[in-house]
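Hi everyone, thanks for making the time. Please bring up the sequence and the model on your screens, and I'll talk you through them.

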Amino acid sequence: MQKATPWGNSIWEFSAYGLPADGKQDISFERSLDSAKGEVLQPIKIEDAFASSVQPESFNWKNKQSENFIVKNAIDNNLRTRWSSMHEDPQWLLLDLGAIKEFNEIRIVWETAHASIYKIEVSENKMAWKDIYSTENGDGKIDAIMLKEPIKARYIRLTGLKRATKWGFSLWEFWVF
Ligand SMILES: [Ca+2]
C-alpha cells in the first residue's frame, strides 16, 4: 500500500506452508522426502503410545469444533490430529512398537508448540535405556533424524526438556522407519 523507500516493493521469496486439506496422511509428501534416494519407505507400525500428560480438550475457533489432544493422535497417521502435553517442562512421550524392531530413522512432525530441547532414548524392556539423539536447537517443523547405525528396540521415549513456546509439547505425527 505504501513504499518504505524511494524504490519499489521488492521481495526475494514468497512461500506458503500447510497440511493436506483432506486431513489424511499425504503419502506423496512422505515419498517426496525420499525421492533423492529413489525409495518408498513405509513407517513401522507403532502399537501404542503413552505420555506424561495430555492437554484437556478445548474448542478450536478456527475449525469451530472441539479438539482433543490425546496421545494416540501422535500415531494415527493423520496430520490433522495432534498430541499436546500440559504446558510445563519436562514431558515425555513413550511409543511401543509391540516387539523389538530394527530402524534407522525417526521423523517427528511438530506442531507450532514444539520442543527447543529434547532427547530420544530407546529400550528393549523399558528398564535399560540408551540415548540415541538429543538437540538443544529444535526449530520444530519436521525433524528427520537419521541414526548413525540401525537400532533394535521396542520402546522409544521422547523427552521434551524445554518448550519453545508458552504452550505444551505438541506433535502431529511420530514416524519410525
Ligand atoms: Ca496425528
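I'll go from the overall layout to the core, then to the strand pairs and two single residues.

A word on ground rules. This is a predicted model, in which local features need pLDDT of at least 70 and side-chain atom pairs count only at pLDDT 80 or more, while totals for chains, interfaces and linings use all residues. Residues are numbered from 1 along each chain as its sequence is written.

How confident is the predictor? pLDDT is its confidence in each residue, from 0 to 100. The protein chain averages 88, and 85% of the residues score at least 70. Over residues 25-29, though, the pLDDT is below 50, and that stretch has six contacts in the model beyond near neighbours in sequence; by contact I mean that two C-beta atoms, placed from the backbone, lie within 7 Å. Where pLDDT is low, the predicted coordinates should not be read in detail.

Now the layout. Helices (H or I, at least four residues) and strands (E, at least two) are DSSP runs, numbered from the N terminus. The protein chain has one helix and nine strands, and the helix comes at the N-terminal end of that order, followed by the strands. Among contacts between residues at least 6 apart in sequence, 75% join residues at least 24 apart.

What about burial? A residue is buried if 20 or more other C-beta atoms lie within 10 Å of its own, exposed if 12 or fewer, and partly exposed in between, with C-beta atoms placed from the backbone. Buried residues make up 22% of the 177 residues in the protein chain.

That brings us to the largest nonpolar core, meaning a set of buried Ala, Val, Leu, Ile, Met, Phe, Trp, Tyr and Cys residues joined through C-beta atoms within 7 Å. Of its 26 residues, Ile-156, Leu-171 and Phe-174 touch the most other members. Two or more residues each come from β5 (91-110), β6, β8 (142-163) and β9 (170-176), and β5 gives the most, with six. Looking past neighbours within four places in sequence, Ile-156 is in contact with Leu-95, Ile-120, Val-122 and Val-176.

Let's stay with β9. Seven of its seven residues are buried, so this strand is largely enclosed by the rest of the structure. Strands pair if DSSP finds at least two bridges between them. β9 runs antiparallel to β5, joined by five bridges, and Val-109 stands opposite Glu-173 in β9. It also pairs in the antiparallel sense with β4 (residues 83-84), over two bridges, where the partner of Ser-84 is Ser-170.

Next, the hairpin. β6 and β7 form one with six residues between them, and Lys-126 in the turn has a positive phi of about 70 degrees. The two strands pair in the antiparallel sense over five bridges, with Ile-120 matched to Tyr-133 in β7.

Which loop holds Trp-129? The one between β6 (115-123) and β7 (130-135). Trp-129 counts as partly exposed because 14 C-beta neighbours lie inside 10 Å. Beyond its neighbours within four places in sequence, Trp-129 contacts Glu-121, Ser-123 and Arg-157.

Last, Leu-161, in strand β8. Leu-161 also counts as partly exposed, because it has 18 C-beta neighbours inside 10 Å. Its C-alpha atom is separated by 9.3 Å from that of Glu-88, 73 residues apart along the chain.

Thanks, and over to you for questions.

Terms used
pLDDT is the predictor's confidence in each residue, from 0 to 100.
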